Amino acid sequence: MREHLVFITGRLAKARLEKIAATLPPERFAWTIADAGVKVAALMTEEIIRRRVTIPPDATRVILPGRCRADPAVLAGHFGVPVERGPDEIVDLPVFLGLAGRKVDLTRHDVRIFSEIVDASRMTPEQILVRAKDLARRGADVIDLGGLPDTPFPHLDDTVRLLKAEGLRVSVDSFSADELRRGAAAGADFLLSLNEETLDLAFETDAVPILVPMRPEDLPSLDRAIERMQRAGKAFIADPILEPIHFGFAASLVRYHETRRRHPDIAMMMGTGNLTELTEADSLGVTALLMGVCSELAIGNVLIVQVSNHTRRTVEEHDAARRVMYAAKADAALPKGYGRALLALHDKRPYTQTADEIAALAADVRDPNYRVAVAEDGVHIYNRDIHEVGHDAMAFFPKLGVEADGGHAFYLGGELTKAELAWRLGKRYVQDEPLDWGCAMDADAEDTTRFKAPGHTRQSGKP
């Protein structure tokens, strides 16, 4: 059945919206554009839309601009058809309507994240609990308590009990058999890392052991430990050990592949820290690649660690990557077109307008307020009097006439600097909005039904 879509918009965006709507497949969509009679769609309110917009009797869905602050639920009651908020940018409308070939669902994953607190033995139980709750908030499923060589951990038992009382799942990672026993007795869910010589511990407790080879290259020792657990009918997770680059990395990938080939149905783990921590490269791309390996080999557990400052978002990165890889695998597709969470520095479609489109908008402006935009040719700033294009934010200052208006100058300096950064990196820029850094930074929670409060720079200077 063909849908009849009604796009509500403002005067400035109408021509661009018509151009995009004309590309929609006619066998799937009929469409109507309803001009709400305001210049900028973001300024539309529920009252304006109710008073000024009527929809055809055969309309099946109403789509608001992404930045419109009206409440879709209220308008749905008014029009009698579903109303939803569309994308922020018109160029993203085809993807929003499902014309990219798939509907993206990033709510699911099949990888469990173990997040290690490497210095737990040097922290108090209360300090560990604060850290553990933060890691869980970020996406960790299991809190791993790391023991340090030659460092006593007398409060291990109390810490495990405290975390379990808070509803957290806990693993204990130690070379000390005594610490592993104590952790298991206190209620730990998992024990890391047992080899065939220490495997007897697995039969003293209900905690699930993570099995490792005697030495990373000794895969037969891992096979023997796996076979012993299988004969006993006990649960386990196998970890062939990921090695750092230039210290066995490629060979370790082969071991993971070989372990999966030999044991098609066992649970496996990959500790990603030897690559994310020990490679001075942005960890997001490294993490995405490793999670792709986990997806291909059905590795359902990852042990992650955050020590270096450049891996400070490693929990969020693993969480985002596991969701993207799950969705792509479910679709039998490449991990492309599943959102921007794994894109921090660059955007796939950084420019939402061409230079000609910006010039057309600038020609219609009749007020002194400055607009800032970015196109492939650089940063644009325009109002009724000027339209300048450049690459250096500070170079615009002499042309703007804001020397006597500190608030306005401060605001424009911030926006132009942000726009220059976006242009140089190839990121999407939207005036008055923060740049989108994917999962590398938390996004501010926003009530999309309310207008933003005026900024400090609106409180001084000329209107």
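Domain bounds, as used here, come from an automatic or database domain assignment. On that basis the chain, which is a predicted model, is divided into domain 1 (3-97), domain 2 (112-331) and domain 3 (355-436). The centres of domain 1 and domain 2, taken over C-alpha atoms, are separated by 48 Å.

The overall dimensions of the C-alpha trace, taken along its principal axes, are about 80 × 60 × 40 Å. Within this chain the secondary structure amounts to 14 helices and 15 strands. Of the 463 residues in the chain, 48% are buried, and among the contacts with a separation of 6 or more, 62% join residues that are 24 or more positions apart. The area exposed by the chain comes to about 23200 Å², of which carbon and sulfur atoms supply 54%. With regard to charge, 58 positive and 70 negative side chains are present in the chain, and a distance of 5 Å lies between the centres of the two sets.

The backbone was next examined for local geometry. Most residues other than glycine have a negative phi, and most peptide bonds are trans. Against this background, the peptide bond that runs from L192 to S193 is cis, its omega being near -10°. The second of these residues, S193, belongs to strand β8, which covers residues 190-194.

Two residues that are not glycine carry a positive phi, and they are described here in turn. In I241, which is not a glycine, phi is positive at about 80°. This residue, I241, is placed in the loop that connects β10 (237-238) with α9 (249-262). Because buried means under 20% relative accessible area and exposed means over 50%, the relative accessibility of 21% calculated for I241 puts this residue in the partly exposed class.

In D432, which likewise is not a glycine, the positive phi is about 70°. The position of D432 is in the segment that follows α14 (406-425), and D432 also falls within the bounds of domain 3 (355-436). With a relative accessibility of 46%, D432 is therefore counted as partly exposed.

Taken together, the local features comprise the cis peptide bond between L192 and S193, the positive phi of I241 in the loop between β10 and α9, and the positive phi of D432 in the segment after α14.

How values were computed:
Residues numbered from 1 in each chain as written. Heavy atoms only, no water. Helix = DSSP H or I, 4+ residues; strand = E, 2+ residues; numbered from the N terminus. Buried < 20%, exposed > 50% of the residue type's maximum accessible area, 1.4 Å probe, protein only. Contact = heavy atoms within 4.5 Å. Areas by Shrake-Rupley, 256 points an atom, 1.4 Å probe, with all protein chains shown as cover. Lys, Arg positive; Asp, Glu negative; His and termini not counted. Charge placed at Lys NZ, Arg CZ, Asp CG, Glu CD.
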